[in-house]
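Good morning, and thank you for making time on the agenda. I would like to take the group through one model, and I ask that you keep the display open as I speak.

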Amino acid sequence: MKRSHINEILKESDAFIRSFGYILPPFAYWSPTEMQAADHGSIKARGMGWDITDYGRETFDEMGLFLFTVRNGDAADLLRGTGMLYAEKIMISRKDQLSPMHRHVIKAEDIINRGGGTLVIELFAPDADGGIDRQADVTVPVDGVLRTLPAGGHLKLAPGESVTLLPGVWHAFWGEGGDVLIGEVSTVNDDKTDNIFEAPIGRFATVEEDAAPRHLLVSDYDTYLD
């Protein structure tokens, strides 16, 4: 993705988020220089901040996702079973923009439609080896009530509705009828190691530096931050 395109998405996404009364934390608006000068150690280590991906396919409008990790715990706390065991993200799935089929090994997550269009989630249960079971029904809690769908069924969430996805459940999603503001509340999030995709794709975008970054992405931290 071109950095100039990423900068445009950052600006548009912030405006979309604000239109629903959700305001990002102050560090979201630091310039790269301000981020470098700040006490950014925990932000970098926990992968907090802006995240725009086209999954390495260079077709963001068709396959992509906007994310901002607002808060995140530490994987070491999960091993101890105490401490900050949770994470929160805000995301935007554009109309008909696919976030491709994947599952998580560790992370359990609530996916919440915070506003906009309908969020459509395609679901599969895992087989005994962790792959996709294309025959078995899949059961998920929708706002505390169990819902069972056939393999590959489409769960549609209107604004205010949510679903709980436990580790292993395969899912892909997109916006229907308009762009969707999505909340995610989960156990500790590790985007570097805890995303298993059905297709051989990457988690982060490859950036073409045709402009200076407006704000740093999580995937920029290793390059720009000590």
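I shall cover the aromatic residues, then the cavities, and finally two individual positions. Please bear in mind throughout that this is a predicted model.

Let me begin with the aromatic residues. How many aromatic pairs does the structure hold? There are six aromatic pairs. One of them joins Phe16 and Phe20: the ring centres are 5.1 Å apart and the planes meet at 75°, and because an angle over 60 degrees counts as edge-to-face, that is the class of this pair. Phe20 itself is partly exposed, its relative accessible area being 36%.

Phe27 and Trp30 also make an edge-to-face pair, with 6.3 Å from centre to centre and 65° between the planes. Are these two residues buried or exposed? Phe27 has a relative accessible area of 11%, and since buried means under 20%, Phe27 is buried. Trp30, at 26%, is partly exposed. Both residues belong to one aromatic cluster, in which they are joined by Trp50, Phe66 and Phe68.

Two rings also have an arginine over the face. Arg134 is placed over the face of Phe124, 5.2 Å from the ring centre. Arg203 is placed over the face of Phe204, and here the distance to the ring centre is 4.8 Å.

I turn now to the cavities. Rolling a probe the size of a water molecule over the atoms shows where empty space is left. Searching the whole structure in this case yields two cavities of 30 Å³ or more. The largest cavity holds about 140 Å³ of space. Its lining is made up of 18 residues, and those closest to the centre are Leu65, Leu67, His102, His104 and Asn195. Which elements give two or more residues to this lining? They are strands S2 (65-72), S3 (86-93), S4 (99-103), S5 (109-126) and S11 (170-187). S11 gives the most, with three residues. By class, the lining of the largest cavity comprises seven nonpolar, five polar and six charged residues.

The second largest cavity has a volume of about 40 Å³. Phe27, Trp30 and Trp50, which I named as members of the aromatic cluster, are among the residues that line this second cavity. Its lining also includes Ala28, Ser31, Met35, Gly49, His215, Leu216 and Tyr221. Seven of the lining residues are nonpolar and three are polar, with no charged residue.

Finally, the two individual positions. Ala205 is located in the loop between strand S12 (196-197) and helix H5 (221-224). Its relative accessible area is 15%, and as this falls under 20%, Ala205 is buried. Which residues is Ala205 in contact with, leaving aside neighbours within four places in sequence? They are Met1, Ile52, Thr53 and Asp54. In addition, the C-alpha atoms of Ala205 and Glu58 are 7.9 Å apart in space, while the two residues are 147 apart in sequence.

The other position is Thr82, which is found in the loop between helix H4 (75-80) and strand S3. Thr82 is partly exposed, with a relative accessibility of 48%. Thr82 and Gly47 are 35 residues apart along the chain, and 20 Å separates their C-alpha atoms.

That concludes my presentation, and I would welcome your comments.

Note on methods:
Residues are numbered from 1 along each chain as its sequence is written. This is a predicted model: local features need pLDDT of at least 70, side-chain atom pairs count only at pLDDT 80 or more; totals for chains, interfaces and linings use all residues. Side-chain values use heavy atoms; hydrogens and water are left out. Rings of Phe, Tyr and Trp (its six-membered ring) pair if their centres lie within 6.5 Å; planes under 30 degrees apart count as stacked, over 60 as edge-to-face and the rest as tilted. Buried means under 20% relative accessible area, exposed over 50%, partly exposed in between (1.4 Å probe, protein chains only). A charge sits over a ring if NZ of Lys or CZ of Arg is within 6 Å of the ring centre and within 35 degrees of the ring normal. Helices (H or I, at least four residues) and strands (E, at least two) are DSSP runs, numbered from the N terminus. Contact means heavy atoms within 4.5 Å. On a 1 Å grid over the protein atoms alone, a cavity is a set of points where a 1.4 Å probe fits but cannot get out, and a pocket is an open set with protein on both sides within 12 Å along at least five of seven lines; lining residues have an atom within 4 Å of a point. Grid points are joined across faces, edges and corners, and a volume is the space filled by probe spheres set on the points. Ala, Val, Leu, Ile, Met, Phe, Trp, Tyr, Cys and Pro count as nonpolar, Asp, Glu, Lys and Arg as charged, and the others, Gly among them, as polar.
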